[in-house]
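Thanks for sharing this one. Here are my notes on its nonpolar cores and aromatic rings.

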Amino acid sequence: MKAILERIEKHRFLFEELVKRDFKKKYKRTVLGMLWSVLSPLLQLLVMSVVFTKFFGRSTPHYTIYLFSGNLLFTFFKESTNGGMHSLMQNAAIIKKINLPKYIFLLSREVSSCINFGLNMIVYFLFVAIDGVPFTWKFILLLYPIIFLLIFNIGFGFILSALFVLFKDIQYLYDVFTLMLMYLSAIFYTTDAFSPMMQKMFYLNPLYTYISYVREVVLYQNIPALWHHGLCVLYAAAALLIGCIMYKKMNYKFLYYM
């Protein structure tokens, strides 16, 4: 980790320019610009909230916040990993000409995703206040799942970007995968109707683990169990370890397939 930070510091100017470029590129030629970072998840939330409350009769207390919590983290995961997947190929021209640590391009995309996530978090807390959910000191614990979700995203991004260089079809398979993951993450439904065994099975899904942690703190005002904390660390560490190993083993192949 120290070596990575030293390399980023060495190429600090390039890293900052990549972050600025990625952020500006996303909103280039748009009328509202950066406001889409906030409007996009809000419009999704509005549609889902209307559909599941009006048409499916959802009566879960603070359902809007329940839905927003899941959608917020899922959007962060999807944007972050999608950006990470394309980070190498979109910068192939630079990589071929300059000898740079390739993970810099992925990390710059992660920073851009974090900025968008931070903007959405402000709106999220605004909705929490409007919905009458009390703010407590336990909200500080939200940093825990967010930090480890970020690490998980980086590790997963490493895996996807390495695979995408070799197999372009991975982008289409990933669209299907994220759609399936959305339905398996209990974003718009509760798990109460499932058996105790099935409820435990949901925690095999890393994304659900992070989402349920946030809901536990915000909606239920509880401190998650110790095993829940452990799962957050485990999934993040596993993704980062696998991603780093794949990067190291496949690094020499990247230039040949770009």
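The points below go from the cores to the ring pairs and then to charges over rings.

1. This is a predicted model, with local features needing pLDDT of at least 70, side-chain atom pairs counting only at pLDDT 80 or more, and totals for chains, interfaces and linings using all residues. Residues are numbered from 1 along each chain as its sequence is written, and side-chain values use heavy atoms, leaving out hydrogens and water.

2. The largest nonpolar core (buried Ala, Val, Leu, Ile, Met, Phe, Trp, Tyr and Cys residues joined through side-chain atoms within 4.5 Å) has 50 residues. Buried here means under 20% relative accessible area with a 1.4 Å probe, protein chains only. Leu73, Tyr124, Phe152, Tyr210 and Val218 have the most contacts inside this core. Helix H4 (63-86) is among the elements giving two or more residues to this core, and H4 gives the most, with eleven. Helices are DSSP runs of H or I, at least four residues, numbered from the N terminus.

3. A second, separate core has 14 residues, including Tyr103 and Phe158.

4. Rings of Phe, Tyr and Trp (its six-membered ring) pair if their centres lie within 6.5 Å, and planes under 30 degrees apart count as stacked, over 60 as edge-to-face and the rest as tilted. The count comes to 26 aromatic pairs. Tyr63 and Tyr66 are stacked, because their centres are 6.3 Å apart and their planes at 15°. Both Tyr63 and Tyr66 are buried.

5. The charged end of Arg215 sits over the ring of Tyr66, 3.5 Å from its centre. The rule asks for NZ of Lys or CZ of Arg within 6 Å of the ring centre and within 35 degrees of the ring normal.
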